[in-house]
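Here are a few short exercises to work through with the structure open beside you. Try each task before you read its solution.

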Amino acid sequence: MNYVQTVLENLKKQNPNEPEFHQAATEILSTIAPVVEKHPEYEAAGLLERFVEPERVIMFRVPWVDDSGRVRVNKGYRVQFNSAIGPYKGGLRFHPSVNLSIIKFLGLEQILKNSLTGLPIGGGKGGADFDPKGKSDREVMAFCQSFMTELYRHIGADTDVPAGDVGVGGREIGYLFGQYKRIRDEHVGVLTGRGISYGGSLARKEATGYGLVYITEEALNACGDSFKGKTVIISGSGNVAIYACEKAQSLGAKVVAMYDSDGYVYDPEGIRLDIIKEIKEVKRGRIKEYAAKVKSAKYSDGCKGIWTIPCDIALPCAIQNEIDAESANALVKNGVKCVAEGANMPSTLEAIDIFQKSGVIFLPAKAANAGGVATSALEMAQSSGRLFWTFEEVDKKLKSIMINIYHNIDSAANEYGCKGNYVLGANIAGFLKVAEAMMAHGVV
Ligand code: NDP
């Protein structure tokens, strides 16, 4: 067995019952093998063993009181995975499915994603198995305050800077920041995705979705194509999905379907984003309500059916493993030309294989959704410089970061003889910078 395979086998043995972590590690390690072969010094320095082991894992109790006076307890996590190129950076996810495996897969992916942005940020991720859905604002506040009452000890503007993710939007970041400031008596850039009135950056809310469309447009342009006139499916109807839809529509695409965890809406006339925003951002409602408001739309229960709708471009923007082999085959059969991942690891390993073998342009999450964390790093830069950039300035920087990422992953794929394999390109381009920094730091 070679070095990479040995590390992967050991990882599976030492971390049993962590399927999502195994999946992410398999995807990464299997593609960086040619780099590791070129650099025998990595094995001598135990670099891969250190790369796949988080620097620190923090797990804690989060007690809070619900509106009926009952004491509730959730599990909180922060995985500080790798700080070789900068302070730990990565979102917090509040969702009932959260466990150590999910936080570790997200953290591992985050290391390479953050490296690809070209900005000085290390990788981390955190969250809790708390479900904000259906909770009152007071309950969400009580939970966030309790969560931060432990987390504050481990984070800091130059140490670890969390942001939002699934279930953690502007409201949650506000409560988390308020509690941090109260405990530490510091108004600093310790969280990103903050409101504009207290240190946030313009265009952060839009950044992941816009960035996804910018990099996809660049990949399409490279083949003489574009979003204009294309039929697009977007899964999810949260932060990433909404702003991917907005930007794709502005480039002339027709988005025909979106979903939430209950079911999907198909609107052959093109999704009315103002109505989706009203339902999701203002009322925190269910996507089913869209079909009641728009005559041309049809609602179906369950999510999987969305991938059977014919489209040119699919942008999965909800959750891990939402596209399995069956859904990938359905997309390919219906002629999909490009799949770009807005969510983290939304395609299974089998689905990726099907896309790549069918000649579909496939942009993996760590490149395609890096716009969010890149703009978080721009928020950090504004915080530490006490600056406030305009929307246009931030958006321009975001666009140029996404275009650079595309060219870096494309060049890395070409250099290693795998033209068009952006999974390999992204993993190699991201890994090389982290490996160089880790080698420079010695065995730490
Ligand atoms: P949100 O919480 O705003 O939205 C998540 C969306 O996914 C909702 O529509 C939700 O539906 C849906 N969803 C959640 N679980 C499931 C499920 N099991 N099946 C079907 N749909 C589901 O999260 P974000 O938009 O912020 O994040 C979406 C994805 O993008 C995640 O993978 C996240 O890690 C990734 N990402 C986010 C970034 C950001 O800046 N926000 C940055 C980079 C990546 P419902 O409301 O019914 O739960």
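**Exercise 1: Cysteines**

A search of the whole structure, which is a predicted model, finds 0 disulfides. Work out how C223 fits this result and whether C223 is buried or exposed.

*Solution.* Start with the distance: the nearest cysteine sulfur to that of C223 belongs to C338 and is 8.3 Å away. A disulfide needs two cysteine sulfur atoms within 2.5 Å, so C223 is in no disulfide. Next, take the accessibility: C223 has 52% relative accessibility and counts as exposed. C144, in contrast, is buried, with a relative accessible area of 0%.

**Exercise 2: The sheet**

Find the strands that stand at the edges of the sheet.

*Solution.* First write down the order: 5 strands form an open sheet, β1-β2-β4-β3-β5, with mixed pairing. β1 (56–65) and β5 (160–163) each have a single partner strand, so one side of each is left without a neighbour in the sheet. Then follow β1 to its partner: 10 bridges join β1 to β2 (residues 71–82), and the two run antiparallel. In this pair, V62 stands opposite N74 of β2. Finally, add helix α6 (residues 137–151), which lies across β1, β2, β3, β4 and β5 and runs at about 145 degrees to β1.

**Exercise 3: Two helices**

Describe how helices α5 and α17 pack.

*Solution.* Begin with the geometry: α5 (residues 100–116) and α17 (residues 422–440) meet at an angle of about 85 degrees, with axes 8 Å apart. Angles of 65 to 115 degrees count as roughly perpendicular, so that is how α5 and α17 are classed. Now list contact residues: those of α5 are I111, L112, S115 and L116, while α17 contributes several, including F431 and K433. By type, the contact has 7 nonpolar, 3 polar and 1 charged residues.

How values were computed
Residues numbered from 1 in each chain as written. Predicted model: local features only at pLDDT ≥ 70, side-chain atom pairs only at ≥ 80, totals over all residues. Heavy atoms only, no water. Axes fitted to C-alpha atoms, helices over the stretch in contact; angles between N-to-C directions. Helix = DSSP H or I, 4+ residues; strand = E, 2+ residues; numbered from the N terminus. Parallel < 35°, antiparallel > 145°, perpendicular 65-115°, else oblique. Contact = heavy atoms within 4.5 Å. Nonpolar A, V, L, I, M, F, W, Y, C, P; charged D, E, K, R; others polar. Buried < 20%, exposed > 50% of the residue type's maximum accessible area, 1.4 Å probe, protein only. Pairing = 2+ DSSP bridges.
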